[in-house]
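Okay, thanks everyone, let's get going. I'd like to talk about cysteines today, so have a look at this one with me.

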Amino acid sequence: MKDYCQYHPLSAATFHCDHCAHFLCDHCVDHSKMPERCIHCGGKLESLGASNSAEPFWRRLQQAFRYPLASQSLTLIVVVSLLTSALSVLPFAIAIYLIATGAMMRYSFACLENTAQGKLTAPDITHAYEGGVVLLFQLLAIVVVMTAVVIGIEMAISEGLAKLVGVLFVLGFPAVIILFAINQSWLEAINPASILRLILAIGLPYGVLLGLILVMTASVSVLHEIIGTVDFLAAFLQSAVSNFYTVVVFHIMGYMIFQYQAELGFTARAEDGEALERSEMELHNARIDIALKEAQYNKVVDLFAEANSKFPDQASYYLRCFDYLCNVNLPERLSRFAPHFFDFLFKSERKEQVYPSYKRLLRALPGYQPEAPRLRHLLAEQCYSNGDARSTLKLLNGLHKQAPDYPRLVAAYELMCEALADMPNMGKQLAQCQQLVANIKRRAEQKAEARAAEVAARTEAAKAELAKTVTRRGGAPKGAKLIKPKREADAEQLNDEHLTHEQRVLGSRPTRIPSGVKPGAKKAEPDSTQAAEAESKPSTDDNDLPPIDFKL
Ligand SMILES: [Zn+2]
Ligand SMILES: [Zn+2]
């Protein structure tokens, strides 16, 4: 009868998603939006209220009997019982009796209303202050009208029908109280059709409630038989017990409204401590949890990626995402994620995890080679420091062809020389590599010289221009200061070429082919380093050297 969450088989469902046709628990629902949304599909949800998740009241009898033991309600019960028991000895007895009983009634109704809203602890005593006597008269009016109806039926129709209606009224009295509490209208409360509908909606538990009331009433009678009402103490005891029972019964009736709220056209949720508020991260975790259970591989990865940007200081998402991608077959996504993952490991001081992660990546993606030269170099360093010379060579070989402008090319090939020296029978390749290092160094020097020459030439030209302007205008021009910084900026831009390259190394492919690779591309730039290029060109033959040939 009870429905359980699709993803948490031990949790009672609190919502139903018509779109997925799934029952969901609170964990699987996005409460940040109103109305609540399904975490799985984002669809609107139908609240099951507490009718599905609430325990039947007879399983909560122990709690129900503890309910009036809260200090405030217990105080009220004792005070009211003392006052009503004092009826026979005090003057103005009726007034006191009415006020005290009214207060007790008002408080009992407050217990019912509170419980119906899902608040499972007794309300405070302030609820007993107002409207008690009015309430008492309203209840009295209900009893009077019900009696009048029964007498009317007996006189106008038949005695049998009157008895039937009378029995219905007696059995239905708890239903009358419940209806009165829900509708705040005593006319609606004594409508036989409403009473019947309510009893049928609750079903068997209503019978259990009647039985419970019977037992309680009987126990008060038994108490009366034993101790009588002769003295004040006996009267007080009976009054206290029956007031105690009243609170319990009203609490249980409230609980029935809470439990059968859907049937009674009422919605409330349990508030017994656990807050429904969740942080954005908890909500995100719930989304990941469901996508994992639904085996939606790409969605899981999307959610991890989203988490990485939303909660950048949470390492667990990177680690879990990498772990997940190594286990599922999504090679394309793994190779896209890997550079970000290694970048994260380096930035977050988790260098010791780099090498094992790289080896694991190779098992999932054999032959994986990162595109960015800087990452290749960093990985090679980690491989070498872990004693893996072969992987070091694999990562670095051919780097000078694929990324001729990588600023740390010399360091990379020096590392390669070290790795080759560590390996047996690599003498020839080591010599090749050393030659390559020398070539790269020479070319770099030539380039640097050419650049210096160009910068000097430009500075000269700028000076000459400035001098021309000064002689033409016969004084220092206002714009002079502006011209110079611009020239300086040009020179800096030249030097920045390496920096920007470095910066984009871990990102996408280079957007602009750097100088020295494709001369054709350079024509588009008016102030290019054509002179430098012409000079360095003959010595770029190391670029034409094939990758070092070693068999691994
Ligand atoms: Zn769930
Ligand atoms: Zn859904």
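So, which residues are the protein donors of the zinc ion, ligand 2? Keep in mind that this is a predicted model. The donors are the SG atoms of C17, C20, C38 and C41, and they lie 2.1 to 2.3 Å from the zinc ion. Along the chain, these donors follow the spacing C-x2-C-x17-C-x2-C.

Now take C17 and C41 out of that set. This pair links distant parts of the chain, 24 residues apart. C17 is in strand β1, residues 15-17, while C41 is in the loop between β4 (37-38) and β5 (45-47).

Buried or exposed, what is C17? C17 has a relative accessible area of 0%, so it counts as buried. C41 comes out at 31% relative accessibility, so that one is partly exposed.

And the geometry? The site of the zinc ion is tetrahedral, with angles of 104 to 116° among its 4 donor atoms. For reference, the ideal angle for four tetrahedral donors is 109.5 degrees.

Next, the other thing people ask about cysteines: how many disulfides does a search of the whole structure find? The search finds 0. Take C321, which is in no disulfide: the nearest cysteine sulfur belongs to C326, and that sulfur is 9.5 Å away. The cut-off for calling a disulfide is 2.5 Å between the sulfur atoms, so a pair at 9.5 Å doesn't count.

As for accessibility, C321 is buried, with a relative accessible area of 1%. C383 is buried too, with a relative accessible area of 1%.

That's my bit, over to you.

Notes:
Residues are numbered from 1 along each chain as its sequence is written. Chains are lettered from A and ligands numbered from 1 in the order in which they are written. This is a predicted model: local features need pLDDT of at least 70, side-chain atom pairs count only at pLDDT 80 or more; totals for chains, interfaces and linings use all residues. Side-chain values use heavy atoms; hydrogens and water are left out. Donors are N, O and S atoms within 2.8 Å of the metal (3.2 Å for Na, K and Ca); water is not among the atoms, so sites may look incomplete. Four donors count as tetrahedral if all angles lie between 85 and 135 degrees; four count as square planar and six as octahedral if opposite donors are over 155 degrees apart and all others between 65 and 115; anything else is irregular. Helices (H or I, at least four residues) and strands (E, at least two) are DSSP runs, numbered from the N terminus. Buried means under 20% relative accessible area, exposed over 50%, partly exposed in between (1.4 Å probe, protein chains only).
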